[in-house]
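Thanks for coming, everyone. Today I would like us to look together at how a ligand is held by its protein, going from single contacts to the wider surroundings.

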Amino acid sequence: MIKEISLGIGLAGVIFLAISGYDVVPILFLLMAAGILIYVARSRGMLVKSFSVAPANASKVNFEDIGGQATAINELKEALDFIINQDKIIYLGIRPLKGILLTGPPGTGKTLMAKAAAGYTESVFVACSGSEFIEMYAGVGAQRVRQLFQTARDTATKLKKDSAIIFIDEIDILGGKRGQNTSHHEYDQTLNQMLVEMDGLKVNDKVKILVMAATNRVDMLDPALLRPGRFDRQVKVDLADRSGRLEILKLHCRNKPLSDDVSLNEIAKQTFGFSGAHLESLANEAAILAMREGCAEIKQHHFLEAIDKIMMGEKLEKRPPREELERVAVHEVGHALVGEKVRPGSVSMLTIAPRGQALGYMRQTPENDSYLYTREYLENQIQVLLAGSIAEEIVLGNRSTGAGNDFEQAIKTAGQIIKSGMSELGVVDPDILPADLRHKVISSIIKEQEKKVKDFLGSLKGAIKQVVNVLLTEEKITGDNFRKLINSFSIARPQI
Ligand code: ATP
């Protein structure tokens with residue numbers, strides 16, 4: 001509004017001067033030049049940078065909307081209580097909490113936590129990303145940092161709030177270790193300004209500012225950012241465990257009609273390693289699949305297919321020739337038979353429908369969320385990986401290139417055995433191990449498992465063919481149906 005009025009007055013002034021007989025050409029020329037300058041500066045983001053601002057509760061996210069992060073939430077709430085109980089803080093002479101750093105893998109709910117923190121403390125929420133501060137022009141980043149803090153103060157004052165939360169996502173981009181970007185000092189200046197602003201935050205400021213930042217590369221951050229008095233608290237927001245995944249699934253299925261056959265518990269079990277963002281996407285994909293099939297409710301098989309989609313990628317339309325399809329089926333049945341052998345009940349799906357990079361696949365469910373593995377477990381995994389190619393050899397008489405990825409993983413797993421001191425070499429430094437010795441040990445681990453798988457699958461040639469026939473007709477077999485099948489064929493389970 002003020003801009004329009006000033007423009008009107010200016011224009012009227014120029015017209016008045018022109019009517020009074022003054023030469024207004026130089027004035028017009030100067031105004032044009034100034035306009036062009038402002039336009040260029042704006043288009044390059046040098047003058048104005050607006051940050052996403054939300055008043056308290058505008059985002060409507062609260063801590064109850066975040067699943068599987070009870071420990072992180074408790075830690076965070078404890079820190080936020082400093083903002084809520086300002087009087088006590090001043091009375092006890094406690095230094096204000098200036099920064100909270102949320103660390104953890106992508107999609108685990110760090111942004112959600114910051115939004116919920118703003119709601120919890122009834123603060124204004126100003127969000128931005130580290131990349132918004134990085135520019136080619138020296139000084140622009142530092143200016144934006146000043147602007148960011150000013151925006152937080154101004155917005156809080158305007159909305160009559162006494163606190164604001166500034167959230168900087170991907171802070172590693174702006175707060176990386178100084179002196180590493182040799183081309184220019186723009187990064188360093190931006191970070192310096194950030195430190196200056198944080199140091200300037202006082203307990204008796206009219207608007208209390210808390211800086212929250214998120215990163216999954218805490219090792220990249222400049223130590224100056226992490227020292228006490230700046231990011232005082234680090235809250236770890238990790239991937240949720242099984243019960244956490246169940247909580248997140250329940251949250252994202254609140255607004256969805258689920259059929260009676262849906263077991264979110266089972267879905268949580270099958271989604272080890274999924275982040276909150278993956279689980280949100282899973283619930284969404286399952287609903288889309290239900291809609292495509294014209295179902296009024298989402299069924300368990302929609303969730304299972306959605307897991308495959310998230311893990312493997314979109315289903316492909318391409319249909320390999322019959323002969324190749326048969327080979328893929330033999331390969332997957334090989335994986336599944338050995339998978340079921342080494343961990344009964346673990347096969348959750350096998351299919352020959354191409355998805356992403358795979359022509360077919362067999363998915364195994366981890367029995368429990370495990371983070372530590374024994375040598376036996378790793379050897380069993382190698383057996384499962386080798387089984388596809390060995391099944392091809394037993395049934396079709398030769399192998400194919402389809403097993404390249406399986407072998408890569410088998411070699412990696414054997415390397416893990418060496419690295420963890422569980423090989424015949426004992427505890428060694430893998431980095432200085434001679435390449436031929438490493439190769440020899442890896443080969444011997446793999447050969448030993450290869451022999452076991454050959455013995456096992458060699459006795460099951462007939463059964464493999466029977467399951468392959470079912471797979472070729474059905475295209476996919478769920479874990480439960482696969483177990484029913486092998487029980488009906490009364491497949492012997494020799495010890496391997
Ligand atoms: P990044 O590090 O990639 O920025 P992030 O950790 O900040 O990711 P969010 O942006 O908070 O992740 O989460 C993305 C989406 O995933 C959320 O909008 C939400 O739908 C879902 N989500 C993630 N974590 C959780 C959780 N713990 N509970 C419920 N939903 C979650």
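If you start at the ligand itself, you will find that one of its nitrogen atoms lies 2.9 Å from a polar backbone atom of glycine 67, and please keep in mind throughout that this is a predicted model. Side chains take part as well, since an N or O atom in the side chain of lysine 110 is 2.9 Å from an oxygen atom of the ligand, while for the side chain of aspartate 169 an N or O atom is 3.2 Å from a ligand oxygen. On its own the ligand has 630 Å² of accessible area, and the protein covers 79% of this.

Now let us step back to the surroundings. The ligand sits in the second largest pocket, and the elements that give two or more residues to the shell around it are helix H5 (110–120), helix H10 (242–252) and helix H12 (276–292). There are 17 residues around the ligand, of which Gly67, Gly107, Lys110, Thr111 and His252 come nearest. By character, the residues of this shell divide into 8 polar, 5 nonpolar and 4 charged.

Finally, where does the ligand lie with respect to domain 2 and domain 3? Residues of the shell come from both domain 2 (52–236) and domain 3 (242–312), and therefore the ligand lies between these two domains.

Terms used
Residues are numbered from 1 along each chain as its sequence is written. This is a predicted model: local features need pLDDT of at least 70, side-chain atom pairs count only at pLDDT 80 or more; totals for chains, interfaces and linings use all residues. Side-chain values use heavy atoms; hydrogens and water are left out. A residue is near a molecule or strand if one of its heavy atoms lies within 4 Å of it. A polar contact is a pair of N or O atoms within 3.5 Å; within protein, one must be able to donate a hydrogen and the other to accept it, and residues adjacent in sequence count only if both atoms are side-chain atoms. Accessible areas come from the Shrake-Rupley method with a 1.4 Å probe; for residues, only the protein chains shown count as cover. On a 1 Å grid over the protein atoms alone, a cavity is a set of points where a 1.4 Å probe fits but cannot get out, and a pocket is an open set with protein on both sides within 12 Å along at least five of seven lines; lining residues have an atom within 4 Å of a point. A molecule sits in a cavity or pocket if more than half of its atoms lie within 2 Å of its grid points. Helices (H or I, at least four residues) and strands (E, at least two) are DSSP runs, numbered from the N terminus. Ala, Val, Leu, Ile, Met, Phe, Trp, Tyr, Cys and Pro count as nonpolar, Asp, Glu, Lys and Arg as charged, and the others, Gly among them, as polar. Domain bounds come from an automatic or database domain assignment.
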